[in-house]
Amino acid sequence: MSEISKRTTDSWSSEKPCGLYHLSAVLTSDQLKYATDALDAADWRARFTRAGPNARKNGAHMFAPSIQEKIGTNVNQRMVVGTPDALFKTLEAMVATAQHDFPDDRYITAFRPESLACMRYFKKWDLGFHFDSKVDVDEAGVVFMGCFGAVGLVRTFRFVNPFNQTKWDVVTRPGDMVIFHSDCYRIMHGSLPLECDGPFYSVTMRRSDGCGYIMGGKRGSSAVAAEAAAKRFKQGTHEGASSD
């Protein structure tokens, strides 16, 4: 599937996908500060050393901590720098909040945070639209994303469905959490260029059997995920819930 640009999707109609949750201000001011301080002090490095000049400017290609040392998952060692306790405890609290608030959502209650990707964004940096990894177990296709940074920052996360040309924007702020699974996991997602100076941090948590970094090979590739998404869409196999 060819690359899809922000300009292309701007004209698409808005339709909220099933399986999307946006929880605003789930952290206390202290939790947000401690986690942001930990991210500010992290050992940031390029995620893809052989990426092109545009990719190197992309905030999504700045990679920091992994939960590998805390949970024991087999994440690429080059990416491992350790997870500060302040950040780890904050993420645990975010997951616990979601599982308390949505006890009837089997995707959320079955979620285990086993891999972690931290991305840093500055002004005009974005995240290109992409599919996540292909997963063989539905409950593994779940992403929890926490947002961190200084109070007042704003970043727009966009979900796009290239099969019916629809989009849905989620305006996030530090202290927010976004969860997506089922139908929402099977379409593309990315973010619009950051309009403020930053840094704005997004921290994504996944199960090990839903993490492309760990799965590797074809099951972890976006291209294979795109093929699986197209097949599911044509078959009309959709399910899930959504919440503001």
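Let's start with one residue, F131: it is buried, with a relative accessible area of 4%. Buried here means under 20% relative accessible area, exposed means over 50%, and partly exposed is in between, using a 1.4 Å probe and protein chains only.

Before I go on, a word on what we're looking at. This is a predicted model, where local features need pLDDT of at least 70 and side-chain atom pairs count only at pLDDT 80 or more, while totals for chains, interfaces and linings use all residues. Residues are numbered from 1 along each chain as its sequence is written, and side-chain values use heavy atoms, with hydrogens and water left out.

Okay, back to F131. Which ring does F131 pair with? That's F163, in a tilted aromatic pair, with 6.3 Å centre to centre and 35° between the planes. For the cut-offs: rings of Phe, Tyr and Trp (its six-membered ring) pair if their centres lie within 6.5 Å, and planes under 30 degrees apart count as stacked, over 60 as edge-to-face and the rest as tilted. F131 sits in the loop between β6 (127-130) and β7, and F163 in the loop between β8 (155-161) and β9 (166-172), so to speak two distant parts of the chain, 32 residues apart. When I say helix or strand, I mean DSSP runs (H or I, at least four residues, for helices; E, at least two, for strands), numbered from the N terminus. Unlike buried F131, F163 counts as partly exposed, at 26% relative accessibility.The whole structure has 8 aromatic pairs, and F157, F159, F180 and Y185 make up one aromatic cluster.

Two rings also have a charge over them. That label needs NZ of Lys or CZ of Arg within 6 Å of the ring centre and within 35 degrees of the ring normal. R106 lies over the face of Y107, 4.4 Å from the ring centre. The charged end of R155 sits over the ring of Y121, at 4.2 Å from its centre.

Now the inside. In soluble globular proteins, nonpolar side chains tend to be buried together. I'm calling something a nonpolar core if it's a set of buried Ala, Val, Leu, Ile, Met, Phe, Trp, Tyr and Cys residues joined through side-chain atoms within 4.5 Å. The largest one here has 29 residues, and L39, L87, L91, F144, F148, M177 and I179 touch the most other members. Plenty of elements chip in at least two residues each, including α2 (29-40), β5 (115-121), β7 (142-149) and β10 (177-181). Which element gives the most? It's α5, with 5 residues. Apart from that core lies another, of 22 residues, with V143, F157, V170 and C196 among them.

On to the strands. Two strands pair if DSSP finds at least two bridges between them. There's an open sheet of 5 strands, in the order β1-β9-β8-β11-β6, with mixed pairing. β1 (13-14) and β6 are at the edges with a single partner strand each, so one side of each has no neighbour in the sheet. Inside that order, β8 and β9 pair in the antiparallel sense over 7 bridges, and F157 has V170 in β9 as its bridge partner.

Then have a look at β12. How many of its residues are buried? 7 of its 7 are. F200, S202, T204 and R206 point one way, and Y201, V203 and M205 the other way. β12 pairs with β5 in the antiparallel sense over 7 bridges, and Y121, the residue with R155 over its ring, stands opposite F200 in β12. β12 also runs antiparallel to β7, with 6 bridges joining the two; there, G146 has V203 as its bridge partner.

Last topic: salt bridges. The rule is a side-chain nitrogen of Lys or Arg within 4 Å of a carboxyl oxygen of Asp or Glu, and the structure holds 6 of them. One joins the side chains of R206 and D132, at 3.0 Å, N to O. R206 is in strand β12 and D132 in the loop between β6 and β7, which puts the two 74 residues apart. Buried or exposed? R206 and D132 are both buried.

Another salt bridge is D169 with R158, where the closest N and O atoms are 2.6 Å apart. D169 lies in β9 and R158 in β8, so this pair ties together parts that are 11 residues apart in sequence. R158 counts as buried at 3% relative accessibility, while D169 counts as partly exposed at 31%. They also belong to a network of salt bridges linking K6, D10, R158 and D169.

And one more: D183 forms a salt bridge with R186, with 3.3 Å between the closest N and O atoms. D183 is buried, at 12% relative accessibility, and R186 is buried as well, at 11%.
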